[in-house]
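Reader: I'm new to this one and don't want the grand tour yet. Please pick a single spot, take a close look at it, and then tell me how the rest fits around it.

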Amino acid sequence: MSTRIAFLKGHGTENDFVIVPDPDNALELSPAAVAALCDRRAGIGGDGLLHVVRSAVHPEVRHLAAEAEWFMDYRNGDGSIAEMCGNGVRVFARYLQRAGLVGEGDLAIATRGGVKTVHIAKAAAGGDITVGMGKALLPEGDVTVSVADRHWPARNVNMGNPHAVAFVADLADAGNLYDPPPFSPAAAYPDGVNVEFVVDRGPRHVAMRVHERGSGETRSCGTGACAVAVAAARRDGADPAATGSPVTYTVDLPGGSLVITERPDGEIEMTGPAVIVAEGEIDAEWLETVNP
C-alpha cells in the first residue's frame, strides 16, 4: 500500500463524505476501514465514503463503462455498501470537476442504482448540480413506522434504495433518530430502510428529518428528498403521469434545501449545492491497522 493516500472532504446540504480517489481500483477498503475513516472522533468523519473508480476497472460496473467513465463506489458510514446516494452523486461530480476530469455541463456517473445523468451548472449561475435520479418505484402494500409507542402509516418509495415516508404533525415526533425506527411488516424492507419524517411548510414545500440506513440521522439525504417529494405529490393528488405536467417540491432538510422535480415521464431531477471543503493525505500505516 502506498504511504500517501489522498482524500478530500465534501458535503451536499451538510450530508458529508470522505472522498477517496482511486481511479485504478487499487485500494482495498474493508467495511472496517470505511467505518474508521468515517468516524468523527478517531477518523476523518463523514456520513459516508465516496470511492472514486473508473468503471472499466471495477467488476461490479465494468459493463457500464461505455455509458459512464466513472463509478461512485458508495459506502455508508458503518462500512456497508449502498445502492445510491443523491447528495453523494453531486459531491462526486464536484470532485471530478475540481480534479479537472470533467467540465461544466452534462456527464454520466455509474452507481449501483444505475447510471445517473448529472448537469454541472456554470459558477456564474450558482454552480448548483442537477442529478437525474431516475424513476421512483411505489411498491404496493401498507407500511407502518414507529417511534416509542407512536405509529404512522408510511409510503413505500424506492429510489434505487428503499424509503419509508411518514407525514407527521411535528418533526420532533421523530425522536432522536439514533437507532433505526421500527417498521412493519418486516418483509417490506428485508435489507433495512431509510425512514423520512415529513411536515408541510407551504404549497409544494415540505421539511423532513431522516434516519439513513447504516448512518443514523443525517443532515440531508438526496434520495430521501426525492422519495418525500414523490410521496407528497401522490398525497396531494399531483401525479405528473396523470396530469401531464411536471411537479416541483422544495424540500427543507437540516442541512439546507433541495429542489425536486418529477416529470410526466416519471423521471426525477434533484438540484442542490455540492462543496469540497478540504483535502489531505491518509496515514497509510494507520489505515493498514484498521483494514483487516
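**A close look at Ala36**

Author: Let's start with Ala36, which touches Ala42, Gly43, Ile44, Trp286 and Val290, leaving aside residues up to four places away in sequence; a contact here means heavy atoms within 4.5 Å. Before going on, a word on the ground rules: this is a predicted model, where local features need pLDDT of at least 70 and side-chain atom pairs count only at pLDDT 80 or more, while totals for chains, interfaces and linings use all residues. Residues are numbered from 1 along each chain as its sequence is written, and side-chain values use heavy atoms, with hydrogens and water left out.

Ala36 sits in helix α1, residues 31-38. Helices (H or I, at least four residues) and strands (E, at least two) are DSSP runs, numbered from the N terminus. With a relative accessible area of 15%, Ala36 is buried; that label means under 20%, while exposed means over 50% and partly exposed falls in between, using a 1.4 Å probe and protein chains only. Gly77 is 41 residues away from Ala36 along the chain, yet their C-alpha atoms are separated by 8.7 Å.

Cys38 belongs to the α1 stretch too, since the helix covers residues 31-38. Cys38 is buried, at a relative accessible area of 5%. Its closest cysteine sulfur is in Cys85, 11 Å away, so that is too far for a bond. Cys85 is also buried, at 3%, and its own closest cysteine sulfur, in Cys221, lies 6.5 Å off, again too far for a bond. The count of disulfides (pairs of cysteine sulfur atoms within 2.5 Å) in the structure is 0.

Right after Cys85 comes helix α2, residues 86-98. Of its 13 residues, 11 are buried, including Gly86, Val89, Phe92 and Leu96. The ends of α2 check out as well: its 13 residues should span 18 Å, and the end C-alpha atoms are 19 Å apart, which agrees. That expected span is 1.5 Å times one less than the number of residues. Gly100 follows α2 and has a positive phi, near 75 degrees.

Back before α1, in the loop that links β2 (15-21) to it, you'll find Asn25. Asn25 has a positive phi near 55 degrees without being a glycine, and it is partly exposed, with a relative accessible area of 24%.

Now zoom out. The chain has 5 helices and 18 strands. Its radius of gyration, taken over C-alpha atoms, is 19 Å, close to the 19 Å that the globule rule gives for 292 residues, so the chain is as compact as a globular protein of that length. That rule is 2.2 Å times the number of residues to the power 0.38. In all, 52% of the 292 residues count as buried.

Finally, the inside. A nonpolar core is a set of buried Ala, Val, Leu, Ile, Met, Phe, Trp, Tyr and Cys residues joined through side-chain atoms within 4.5 Å. The largest one has 54 residues, and Met72, Val118, Val251 and Ile260 touch the most other members. Helix α3 (residues 222-235) gives the most to this core, with 9 residues. A separate core of 17 residues includes Ala154, Ala164, Leu177 and Val193.
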